[in-house]
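Hi everyone, thanks for making room for me today. I'd like to walk you through one structure, a bit at a time, so let's get it up on the screen.

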Amino acid sequence: MSSTSLSIPIAFWTRGISFAAISSVYACGDRVIAGFEDGLICVLRNKCTASVNSSGDDAGDILLEPAAVLIGHLSRITAFTGMIVQVDTKSAPEWVLYSASEDGEVKKWNLADGRCLQSSPDAFIGVPTYLGVFSGAEMLGSGPKFIICAGMSHEACILDSTSLEVVRVWGGHLEWLHCTVLPGDDQNQSRFLSVSADCKLSLWVFDTSGLTVVKSKVFEICPRLQEIPVSLVACCFSASRAALVTRGCIQVICMEQRKAACYVIHASRDESFAGAKFISLEEIAAWTQSGQVFVYSLSAALQRTELTAEQTPLELHSFVQISASWSNPTAVVEVSDREPSPTYMPNVMIVSTDKGQCHLNLQSTQDGLRYTYALLHGNEKETEASADLFPEPFITFSLMLSDELLALGHSNGNVWIGSIEDAIPLLTASPFAGTCKDAKLLQGHVGPVSCIFTSEDLLERSFVLTGGKDCSSRIWNIDAGREVACFNNHSRPIEHYFQVPEDGNTRMKRTVISVAEDHSVAIISIEEMSCIFLFGGYTHTLKTIQWRPPEDYVVLWYTDETAFVWQIQTGHLDRIVKGEAAREIMMDSRWKVSQISAHSYGSKWAFECTTLQFGNGVYIPILQLNLKHIQNILVTGRMVGRQGEASSALSGSGRPTSTVRATSSRQMATGASTGCIAKDKLSVDQYAQLSDKAQRCLRAARAVLGLLVTEDNAHAISIRALLGLPRPEATVTLGMKGNYGNISIQVPVIEDAGASWCTSPTLTASKLITILSLSKTLAAAQNLDVDMDTWSRGYCTAVQDAAGAGFCQPSLSYLAKYWQDPQVEVQEATKIVLMTAIERMSKGDIAVLVKYWSSFLPAAAQPDACSSQYMARSAVILGIIGAENADALPEKVCKLVALSLTILLNDDSRLSYKVASIDLLAQGFASWQPFIKADAVLKTLFSMAMDPQPNGGVVSRRARRAITQIASVNSVLFVTTLTQEILDAKKPIERIGLLKLISIFTRKDPAVLYLGLSRLAEAIVKSLDPTVPHIREQMLPVGTSVMMDLVLSYPQLDFHVGSQKLAVGTLEGAIVVYDLQTATRWQILEGHARPVSAVSFSRDGKTIVSCCLKEGTVRFWHPNPGFFGMLMAGNGIFGTRSSGSGSVSSGSGQQGGGGMPSLSSQQSSKTFDFALQESVVVGSEESMLNHVRFEWTGDRAVKLSVYDHIMSFNI
């Protein structure tokens, strides 16, 4: 089932990682998550997760290394939460991470590979500071159904955990501060706490079925707070305990009684608390802003017989002092040297290890990112990242100018412009490697290049704009490689360029806007080569520009909801508007707006290149591969090339290119063991048949594919040799493109080139689909006659064997998504990956897989139990397994799968699922038939096959193919249903569609209709009933065409134009003669004991000859005298035509005298026996359709041809 683009991000790690200040942290499983003030998220992996790791470190230690970077948020990260969900099988749970940023956006990520699953830019109005999971109401395959989002706002929101849609908002809390979800939810109700500034602790009940929120209790926790709370913490061991953290104290609240008991922990005079967490039912760990960690015991206080709400101090159980200095630095992850913001809390987490619970502190310092950890009752350990120096210059900005051209800006001010193929060496090496003869080097900026821009209009004139840290904007002519103009309008570095809308002010046509770091705006005219307007900067970030050309105004809208209204003609500031008045101006929909975006990870070209900045001064180029776009270019390029060659040959303008067949002996030797055998490789001249654009795309795709095939097994070596792929780079990693353009990139593991195969099932599946489909596309584009399917299956097996036990099996859920992708190469690659994965599973593994997915089937799962997407994928996955191996599914599951596929067949909500159900129902029809209404399924397929809608093309093609497959399994059912549908059709248009369907199968696969030929012929005749003239009139043209197709395709049928009689030989040995003028049976001729192989009318229509190969007889029949008396010359529905022998019937009725002796219609007038070799007649009747023919050589002589055997008969 198709996706949008199959865009694959590739990151070039030529420099170390450097992050901005940490703003939020979270720990889940063996991952530590750090969110930063610039919106980036780093996932760090704890390598010490086994009892003894490969380094010999003891279990329980913490050794963090960066695993992935998640890119998508545009502002400071403020909150995290996570949950475990089941993916593919119950033995493979995965963590899902939810993140919130300062602008109110919430995103959902898969933590294994970092792909973004969902995004909601308007999830919260305000600054979210808390995300929590309601663990009660769970959805199969998706985990808990709801999460809560709260923060600095008078409202809180409950979000759907799958779609991130806001399902409930409630407010009215004028002094709302913090909230937290309590554990122990049941299926229908979840509970959470909130605290307000008036010292009230409220207990809320969320009804998950009715989506209602009701206040259950209100607790007076202590006298009015003197300090703003830092957080409200729930106890994961008991739903009746919580802790309220302020700067000066921590109040532990026990809610077992009507009136909550409150126990207070006071901070020392020189300290202030930063956070707390319950580490057991009777212990709480608290940490201060200076890094001190305390563990307090509640047991002594809880043993008191009288509990009051008065402040009761707790006993200090243990204390951990975090050292202010570190020793023995270990390079783990590098960060920027900026100082952490003083408003952020210490980045403290309590994590569990095999040795017990540890305190982990992640800090940004001038020297890098440091983390210290210690058992809460043990000794401290620490580690830090050392600084690293990188060679200059390095890439600071990148942009695709077109499908072929890439621009790379560097730290020394140079701009390199060339092809993807030539750019790969520059992207994979940190020092500037020079340039090639076909590339351009633009030199002029002083210091790093910060921005590059062009457009279709500019590129037609060979113009490109660049901005730099030197605050200048420059216009270049690419072809000439020289600077055209330079502008120094800003006092700060350039950040963005974009073009003014076309219908703007006349003077501003063909102008480009530059935005600097200080949010000043300059409008540069390309026609005048001058800066025509300059608008000053502002302290807040520029968000939107609104254009009002008729009013001669332009409005600059900033993030603090301030609007600056500038007069275009004079360039003066007209007024500044704030608040509601400013919002009203920006909400006026009459005017066009330009959005200012810091990040753009779209992919409108075959390749898209962007540069991601980490912290201060560290840049990572990211190249996005649009697989489907590449395949479209290469397929179209081959067609254009061939058309050009054919045109050249026909016009005589050029001599046809000769084809030289050459086979590489090295490729033959290498491919013999891998299945990738190059049978024929065409010459360079033949390769030149591709269009210029396709050739450039081919070279770029080949260079990128070399970065993906990183293994050294025989299959990888053979494909590199065959396609001419470059060697892979160890510092290149794949990523995942998720919803709404959010991407993740993996951090390279230098010592393990196969680490990407051990990251996640989805990344494995994505990488395999990309490599296999792209390899096949390149082989076809280069006209290599190779067995790519065999190579693909071998490659899938080889990478799994090389990765070993850590290999992540490809995600069946992800593969089901692309099982019926419209792109043929993607579809074929997906099927190979999926079938290879299933073939390598043991019976036990398949049984576990079937048991897991069967619970999501649409025919079994409750509507609200899991998402519709999961239901559909479960039907597709089990449908694939059942279609390939029916024995793998228990009878009960097989029934549920069959019913589920029929549900998808009738579901119009998603085309891809409908197409998959069509294919799977047909492919495994023998398995599904006992459990479904087979005739109803066929009727649905008939209607789909006749769908005249433009969007129904894919469905109608698949439906026709499915009907063919079903007919081959059960032809009797097929013909019976089709015949009945023709007869039962109420509207002529429906009957016409069904007749056209017969014509389609007659031409493409006549064997499908063979067993029901006589019944179909009778249905066609009845549809021409003259007693309903208006229907006969509409049916006549189509009936004529369909009857002609049948007569020409099947020797068992023949039609005599003059008499308007149709003779149909049946499987029972009879010959039925129909009168098409009356649409009735006219006569039945019986004599053959086996199926009739061929029939034919004589030229004058007086005689019918028939043949039965199985019994070796030819019979001649003379119908009764009334036959010729009923001829109606000139009124036939077919008109005069050639007979089966090629002779012409006159259509005359003059020989139809009534004096002819009466012959019995039940007996033949003459019978001849013949004998052929057994090898000639051993096949089925349908296999001989095109090899048996009668040809009348005279009025009383006929010739019978059976394959190469010819026999003549005279009567």
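**A strand with two partners**

Okay, let's start right in the middle of things: Gly 1065 has Ile 1071, in strand 56, as its bridge partner. One thing to keep in mind as we go is that this is a predicted model.

Gly 1065 belongs to strand 55, and five bridges tie that strand to strand 56, residues 1071-1075, running antiparallel. The hairpin between those two has five residues between the strands, and there Gly 1069 takes a positive phi near 100 degrees.

Now look the other way. Strand 54, residues 1053-1056, is joined to strand 55 by four bridges, and that pair is antiparallel too. Here Leu 1053 has Val 1064 as its bridge partner. This hairpin has four residues between the strands, and Gln 1060 is the one with a positive phi, near 55 degrees.

So how many residues of strand 55 are buried? Five of five, so the strand is mostly covered. As a general point, side chains in a regular strand alternate between the two faces of the sheet. In strand 55, Lys 1061, Ala 1063 and Gly 1065 sit on one side, with Leu 1062 and Val 1064 on the other, and both faces are covered.

**A four-strand sheet**

Next stop: an open, antiparallel sheet of four strands, in the order 35-36-37-38. Strand 35 (449-453) and strand 38 (482-487) are at the edges with a single partner strand each, so one side of each has no neighbour in the sheet. From one strand to the next, the twist averages 25 degrees. Inside the sheet, strand 36 (residues 463-468) and strand 37 (residues 473-477) are joined by five bridges, and Val 464 stands opposite Trp 476.

UniProt, in an unreviewed entry, lists residues 442-486 and 1085-1117 as "repeat: WD". Over 1085-1117 the chain is 0% helix and 45% strand, with its end C-alpha atoms 8 Å apart.

**One serine in a loop**

Let's zoom in on Ser 756, in the loop between strand 52 (743-746) and helix 10 (761-781). Is Ser 756 buried or exposed? It counts as buried, because its relative accessibility is 16% and the cut-off is under 20%. Its side chain makes a polar contact with that of Lys 767, at 2.7 Å. Leaving out residues up to four places away in sequence, Ser 756 touches Leu 763, Thr 764 and Lys 767.

**Stepping back**

Finally, the whole chain: 26 helices and 64 strands, with 58% of its 1211 residues counted as buried.

Terms used: Residues numbered from 1 in each chain as written. Predicted model: local features only at pLDDT ≥ 70, side-chain atom pairs only at ≥ 80, totals over all residues. Heavy atoms only, no water. Buried < 20%, exposed > 50% of the residue type's maximum accessible area, 1.4 Å probe, protein only. Polar contact = N/O pair within 3.5 Å; in protein donor to acceptor, adjacent residues only side chain to side chain. Contact = heavy atoms within 4.5 Å. UniProt positions renumbered as here; feature names shortened; annotations may be inferred. Pairing = 2+ DSSP bridges. Axes fitted to C-alpha atoms, helices over the stretch in contact; angles between N-to-C directions.
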